[in-house]
Amino acid sequence: MAARKPKVIVTRKLPDPVETRMRELFDTELNLTDAPMTRQQLADAVARADVLAPTITDKIDAAVLEKAGERLKLIANFGAGVDHIDVDAANARGITVTNTPGVLTEDTADLTLALIMAVARRIVEGADVARAGGFTGWAPTWMMGRRITGKRLGIIGMGRIGQAVARRAKAFGLQIHYHNRKPVSPRIAEELEATYWESLDQMLARMDIISVHSPHTPATYHLLSARRLKLLQPHAIVINTARGEIIDENALADMLAAGALAGVGLDVFEFEPVINPKLVKLPNAVLLPHLGSATIEARIDMGEKVIINIKTWMDGHKPPDRVIPSML
């Protein structure tokens, strides 16, 4: 007799090829409406499932996990970040948590460079003027942005994505600086011609562009605080494609409105999906709706990682992308 397929509950609509393969391999319950689950629906899901496949929009905290049935043994997250999951509480209940690292690196790095260019060259402002019929002809001092070649880029968090951004930025002629918990290997530092700053404060005060690539943890909450933001030079640009909670968004908006910063490019927000209304009003704020991994290729790759993690667990082995609390 064939072994029972595990009950897998998927919380959001995933790409069709991913959902089809999950239906083939597991007893899969899909969310065809793509409406985010309520807390009651999440509690019901963890009570019935062997595996929960959530996304960033699902808050899997200790209160939800208290409703988990004996069957739930794996939370296979669709996404790299797991700040929406109480990993300690899950581990205490014997529930393994996995994520999908690596597959969204290149796409997030691409978007980071796009935001740097968009802010520095005022691309969105210009596009809005052209679309509104406000372009009346070229003028020598109109809509001037700033050249990025030769500028200093300060990367906060030099993991996979930070390094991918550095490689692209170096090709654009930017000088690479970074702050990280520890320096990268000498080989990578030499390849990127990267300068390491142990002191984040010292790096911030000297950069033309700051790009955030840290995970959101208790240690990185408001890492760019009001005090630290004030260290930036008035011509500086701030880019964030990581997590909104890393920056004090209200302080950032106030500085931008006061002319204490040249511009920001944000793909993530502190109270997502709510965007600070101060930012919405500012022409030098380029705001995107969390598009970092939004390519067909990345989302399918993420789904395949979820499947591999579930299949490996199902076969009695340790999933390749386990999230260990000490990693966070």
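Biologist: How many cavities of 30 Å³ or more does a search of the whole structure find?

Modeller: The search finds two. The model is a predicted one.

Biologist: What makes each of these a cavity and not a pocket?

Modeller: A 1.4 Å probe fits at the points of a cavity but cannot get out, whereas a pocket is an open set. The largest cavity has a volume of about 60 Å³, and the second largest has about 40 Å³.

Biologist: Which residues line the largest cavity?

Modeller: Its lining consists of Ala120, Arg146, Arg147, Ile148, Lys151, Asp208, Ile209, His235 and Ile237. They count as lining residues because each has an atom within 4 Å of a cavity point.

Biologist: How do you know the make-up of that lining by class?

Modeller: Ala and Ile count as nonpolar, Asp, Lys and Arg as charged, and His falls among the others, which are polar. The lining of the largest cavity therefore has four nonpolar, one polar and four charged residues.

Biologist: What lines the second largest cavity?

Modeller: Asn240, Gly244, Ile247, Glu249, Leu252, Leu266, Val268, Phe269 and Glu270 do. By class these are five nonpolar, two polar and two charged residues. Gly is put with the polar residues by the rule in use.

Biologist: Several of these names belong to a sheet. What is the order of its strands?

Modeller: The sheet is open, has seven strands in the order E8-E7-E6-E9-E10-E11-E12, and its pairing is parallel.

Biologist: Why do strand E8 and strand E12 stand at the edges?

Modeller: E8 (195–196) and E12 (285–287) each have a single partner strand, so one side of each is left without a neighbour in the sheet.

Biologist: How do you know that E10 and E11 pair?

Modeller: Two strands pair if at least two bridges are found between them. E10 (residues 237–240) and E11 (residues 263–266) have four bridges, in the parallel sense, so the condition is met. Among the bridge partners in E11 are Leu266 for Asn240 and Gly263 for Ile237. Asn240 and Leu266 both line the second largest cavity, while Ile237 lines the largest.

Biologist: What lies on the other side of the pairing, between E9 and E10?

Modeller: E9 (residues 209–212) also pairs with E10 in the parallel sense, over four bridges. In that pairing Ser211 stands opposite Ile239.

Biologist: What makes both faces of E10 covered?

Modeller: Ile237 and Ile239 on one side, and Val238 and Asn240 on the other, are all buried. Buried means that the relative accessible area is under 20%.

Biologist: Which strands does helix H11 touch?

Modeller: H11 (residues 249–257) packs on the sheet and touches E10, E11 and E12, with its direction at about 145° to that of E11. The buried residues of H11 are Glu249, Ala251, Leu252, Ala253, Met255 and Leu256. These pack against helix H10 (226–229), E10, E11, helix H12 (277–280) and E12.

Biologist: Why is Leu261 called buried?

Modeller: Its relative accessibility is 3%, and the limit is 20%, so Leu261 counts as buried. Leu261 lies in the loop between H11 and E11. Leaving out residues up to four places away in sequence, its contacts include Val238, Leu252, Met255, Leu256 and Asn284. Its C-alpha atom is separated by 7.0 Å from that of Gln233, 28 residues apart along the chain.

Biologist: Why is His290 called partly exposed?

Modeller: Its relative accessible area is 24%. That value falls between the limits of 20% and 50%, so the term is partly exposed. His290 is in the loop between E12 and helix H13 (296–314).

Biologist: What is the phi of His290?

Modeller: His290 has a positive phi of about 55° and is not a glycine. Met143, in the loop between helix H6 (123–131) and E6, is also not a glycine and has a positive phi of about 55°. Most residues other than glycine have a negative phi.

Biologist: What makes the peptide bond from Glu272 to Pro273 cis?

Modeller: Its omega is near 10°. Pro273 is placed in the loop between E11 and H12.

Biologist: Why is E7 called largely enclosed?

Modeller: Four of the five residues of E7 are buried, so the strand is largely enclosed by the rest of the structure. Five bridges join E7 to E6 in parallel, with Gly154 opposite His177 of E7. Helix H7 (residues 160–171) lies across E6 (152–156) and E7 (175–179), at about 170° to E6.

Definitions and conventions:
Residues are numbered from 1 along each chain as its sequence is written. This is a predicted model: local features need pLDDT of at least 70, side-chain atom pairs count only at pLDDT 80 or more; totals for chains, interfaces and linings use all residues. Side-chain values use heavy atoms; hydrogens and water are left out. On a 1 Å grid over the protein atoms alone, a cavity is a set of points where a 1.4 Å probe fits but cannot get out, and a pocket is an open set with protein on both sides within 12 Å along at least five of seven lines; lining residues have an atom within 4 Å of a point. Grid points are joined across faces, edges and corners, and a volume is the space filled by probe spheres set on the points. Helices (H or I, at least four residues) and strands (E, at least two) are DSSP runs, numbered from the N terminus. Contact means heavy atoms within 4.5 Å. Axes are lines fitted to C-alpha atoms, for helices over the stretch in contact, and angles run from 0 to 180 degrees between N-to-C directions. Buried means under 20% relative accessible area, exposed over 50%, partly exposed in between (1.4 Å probe, protein chains only).
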